[in-house]
Amino acid sequence: MIKLLRLDERLIHGQIAIKWSRHLSVNRILVLNDEAANNDLIKKSLMMAAPSDVKVAITTMEEGINLLNDPRAESLSILVLVKTPQDVLKLMKSVNGIKVVNIGNYGRVAPRQGSDARKLYRNNLYLYDSEVEIIRQILNTGVECNYQTTPEDKPDPVNKIIQ
Amino acid sequence: MVLLKILVASHGTFASGIKSSLDVLLGKSDTLSVIDAYIDQNDFETQLEVFFQTITEGEQVILLSDLYGGSVNQKLALYLTRPETYLIAGVNLPLLLALMLNNEPVDEEKIKALVKESREAIRIVEIQSNGVENEDFFGGS
């Protein structure tokens with residue numbers, strides 16, 4: 001089962017994967033990102049931050065969606081990581097059983113659209129209006145959605161953040 | 001809740017440098033104080049006294065220095081007669097991070113364990129695993 005779907009533009013980094021995977025007691029981490037899956041060097045550098053006691057797979061969006069929809073995924077305990085709000089929305093539409101979406105870290109390093117900067121919503125959350133729209137669509141699926149960078153932070157409901 | 005206080009002291013600005021890294025990683029904190037020794041007219045021993053004046057009786061204090069054989073460490077060592085006081089020389093960022101993330105009171109055992117882990121944090125980087133192939137995702141526990 002999917003314990004958490006997390007949006008983090010840095011995917012796996014520093015203590016984050018370790019803390020979240022311990023906090024959720026997962027036995028799998030699945031990173032869905034086309035660029036990383038197709039680039040060996042990026043894959044390997046992401047693996048440096050992987051906890052040693054959890055299996056980590058880095059796949060394309062499509063491969064990852066297939067893994068998550070596989071009936072064998074039900075008996076696993078999975079933390080899913082994606083890089084963009086669009087990817088979160090794609091998963092909400094293609095995968096069943098996502099009960100909680102965690103917005104952990106987005107908008108500081110994501111590529112700019114044009115010359116405008118993103119707007120600051122929280123310490124680790126910057127968004128363009130177009131991305132706010134995507135998040136609204138995520139919220140419309142009815143899924144619980146919180147801004148929370150680390151498990152020690154208080155979960156901050158996203159529906160209040162993007163009034 | 002601040003359980004203990006940490007002081008990093010160094011020759012020059014290593015101490016405030018390592019603090020600035022921590023601020024990036026964890027955000028600012030009241031737990032950590034720093035002393036950059038020997039960079040201005042301030043007397044290091046006086047700066048140390050000032051730090052200990054902010055400590056309440058019985059409060060746990062972890063002192064961290066840059067070099068075991070250095071005078072900074074030697075002066076810190078004089079405070080080991082105070083109860084609940086620990087001194088570690090050769091601080092690195094992983095150790096400081098682990099200490100800041102610790103949320104229980106410490107004791108000898110805990111300090112030993114954290115120091116041991118921090119030694120392993122200095123490591124040669126080799127490009128390693130790719131993660132599991134898709135089928136293996138379902139195998140094992």
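**Entry: a polar contact in chain B**

I started with a pair of side chains: Glu59(B) and Lys5(B) are joined by a polar contact of 3.1 Å. I keep in mind that this is a predicted model.

Next I asked where Glu59(B) lies in chain B. I found Glu59(B) in the loop between helix H2 (44-53) and strand E3 (60-65). Is Glu59(B) buried or exposed? I looked up its relative accessible area, which is 13%. Buried means under 20%, so Glu59(B) counts as buried.

I then listed what Glu59(B) touches, leaving aside neighbours within four places in sequence. The contacts are Lys5(B), Thr54(B), Arg82(B) and Glu84(B). Lys5(B) is thus on this list and also the partner in the polar contact.

**Entry: chain B as a whole**

I stepped back to the fold. Chain B has five helices and four strands. I read their order from the N terminus as β-α-β-α-β-α-β-α-α.

How does the radius of gyration of chain B stand against that of a compact globule? For 141 residues, I would look for a value near 14 Å, but chain B has 18 Å. I also noted the span of the C-alpha trace along the principal axes, about 65 × 30 × 30 Å.

I checked burial next: 40% of the 141 residues of chain B count as buried. Chain B exposes about 8300 Å², and carbon and sulfur atoms supply 53% of that area. I took contacts between residues at least 6 apart in sequence and found that 68% of them join residues at least 24 apart.

I turned to charge. Chain B carries 10 positive and 21 negative side chains. The centres of these two sets lie 2 Å apart.

**Entry: chain A as a whole**

I put the same questions to chain A. Its secondary structure comes to seven helices and nine strands. Which radius of gyration does chain A have? I found 15 Å, which agrees with the value near 15 Å for a compact globule of 163 residues. The C-alpha atoms fill a box of roughly 40 × 35 × 30 Å along the principal axes.

I noted that 56% of the 163 residues of chain A count as buried. The exposed area of chain A is about 7800 Å², with 48% from carbon and sulfur atoms. Among contacts between residues at least 6 apart in sequence, I see 67% joining residues at least 24 apart. Chain A has 22 positive and 19 negative side chains, and the centres of the two sets lie 4 Å apart.

**Entry: two helices of chain A**

I looked closer at helix H1 (residues 16-24) of chain A. Which of its residues are buried? I wrote down Ile16(A), Ala17(A), Lys19(A), Trp20(A), Ser21(A) and Leu24(A). An α-helix has 3.6 residues a turn, so residues three or four places apart point the same way.

What do the buried residues of H1(A) pack against? Within chain A, I found strands E1 (2-8), E2 (28-32), E4 (78-82) and E5 (100-105). Helix H4 (93-101) of chain B is on the list too. Just after H1(A), I saw that Ser25(A) takes a positive phi of about 55°.

I ended with helix H5 (residues 85-94) of chain A. Its buried residues are Pro85(A), Asp87(A), Val88(A), Leu89(A), Leu91(A) and Met92(A). I found that they pack against E1, E2, E4 and E5 of chain A, together with helices H4 (61-69) and H6 (129-140) of that chain.

Technical notes
Residues numbered from 1 in each chain as written. Chains lettered and ligands numbered in written order. Predicted model: local features only at pLDDT ≥ 70, side-chain atom pairs only at ≥ 80, totals over all residues. Heavy atoms only, no water. Helix = DSSP H or I, 4+ residues; strand = E, 2+ residues; numbered from the N terminus. Rg over C-alpha atoms; globule rule 2.2 N^0.38 Å. Buried < 20%, exposed > 50% of the residue type's maximum accessible area, 1.4 Å probe, protein only. Contact = heavy atoms within 4.5 Å. Areas by Shrake-Rupley, 256 points an atom, 1.4 Å probe, with all protein chains shown as cover. Lys, Arg positive; Asp, Glu negative; His and termini not counted. Charge placed at Lys NZ, Arg CZ, Asp CG, Glu CD. Polar contact = N/O pair within 3.5 Å; in protein donor to acceptor, adjacent residues only side chain to side chain.
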